[in-house]
Amino acid sequence: MEKANRSIHCTVSSCKNHCSCEDYCSLDSIQVGTHECHPNQDQCTDCMSFQKKMG
C-alpha cells in the first residue's frame, strides 16, 4: 500500500514514486539536483529521485 509523504508535494504522475491517490511523493525523502553549473531559476533544478513509471 502506498503512503503519501505529506512533506513532499508532487504532481508528476508519470513517476513510479508518485502516490497515485494524492499529489504527494511516496518516498521518505528525495534528492534534488541540477543540470546547470550555476542554477538561477527553478527550471534549472530536478528531482533526482524520479523513476519512470512502467506500464
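These are my notebook entries on a predicted model of one protein.

**Entry 1: overall layout**

I began with the secondary structure. I found four strands and zero helices. Along the sequence the order reads β-β-β-β. I then looked up the extent of the chain. Its C-alpha atoms fill a box of roughly 40 × 25 × 15 Å along the principal axes.

Next I checked burial. The protein has 55 residues, and 22% of them count as buried. The exposed surface comes to about 4,400 Å². Carbon and sulfur atoms supply 52% of that surface.

I also looked at contact range. I took the contacts between residues at least 6 apart in sequence; 21% of these join residues at least 24 apart.

**Entry 2: cysteines**

How many disulfides does the structure hold? I found zero. I wanted the reason, so I went to the sulfur distances, with 2.5 Å as the cut-off for a disulfide.

I took C15 to start. The closest cysteine sulfur to that of C15 belongs to C10. The separation is 6.0 Å, which is too far for a bond. C15 is buried, at 6% relative accessible area.

I moved on to C21. This residue sits in the loop between strand 1 and strand 2. Which cysteine has the sulfur closest to that of C21? I found C19, at 3.0 Å. That is too far for a bond, because a disulfide needs the two sulfur atoms within 2.5 Å. C21 is exposed, with a relative accessible area of 54%.

I noted one backbone distance here as well. The C-alpha atoms of C21 and E2 are 8.3 Å apart. Along the chain, 19 residues separate C21 and E2.

**Entry 3: charges and salt bridges**

I counted the charged side chains. There are 5 positive and 7 negative ones. The centres of the two sets lie 9 Å apart. Side chains of opposite charge can pair when their charged atoms come close. I therefore searched the whole structure for salt bridges, with nitrogen and oxygen within 4 Å as the limit. The search gave two.

One of the two joins K3 and D28. The N to O distance is 3.1 Å. Where do the partners lie? K3 is in the segment before strand 1 (5–9). D28 is in the loop between strand 2 (24–25) and strand 3 (32–34). The pair therefore ties together parts that are 25 residues apart in sequence. I looked up the exposure of both. K3 is partly exposed at 46% relative accessible area. D28 counts as exposed at 64%.

R6 and E22 also meet in a salt bridge. Here the N to O distance is 2.8 Å. R6 is in strand 1, and E22 is in the loop between strand 1 and strand 2. The two residues are 16 apart, and the pair links distant parts of the chain. E22 is partly exposed, with a relative accessible area of 27%.

**Entry 4: N17**

I turned to N17, in the loop between strand 1 and strand 2. Is N17 buried or exposed? I found it buried, with a relative accessible area of 9%. That value is under the 20% cut-off, so the label holds.

What does N17 touch, beyond residues up to four places away in sequence? I listed Y24, C25, S26, L27, S49 and Q51.

**Entry 5: S49**

I followed the contact with S49. S49 lies in the segment after strand 4 (45–47). At 15% relative accessibility, S49 counts as buried.

I looked up the partners of S49, leaving aside neighbours within four places in sequence. They are N17, L27, S29, I30 and Q31. L27 is thus listed for S49, and L27 is listed for N17 too.

I checked the backbone between S49 and S29. Their C-alpha atoms are separated by 8.7 Å. Along the chain, S49 and S29 are 20 residues apart.

**Entry 6: recap**

I closed with a short tally. The model has four strands, zero disulfides and two salt bridges. N17 is buried, and S49 is buried as well. N17 and S49 are in contact.

Notes. Residues are numbered from 1 along each chain as its sequence is written. This is a predicted model: local features need pLDDT of at least 70, side-chain atom pairs count only at pLDDT 80 or more; totals for chains, interfaces and linings use all residues. Side-chain values use heavy atoms; hydrogens and water are left out. Buried means under 20% relative accessible area, exposed over 50%, partly exposed in between (1.4 Å probe, protein chains only). A salt bridge is a side-chain nitrogen of Lys or Arg within 4 Å of a carboxyl oxygen of Asp or Glu. Contact means heavy atoms within 4.5 Å. Accessible areas come from the Shrake-Rupley method with a 1.4 Å probe; for residues, only the protein chains shown count as cover. Lys and Arg count as positive and Asp and Glu as negative; His and the chain ends are not counted. The place of a charge is taken as NZ of Lys, CZ of Arg, CG of Asp or CD of Glu.
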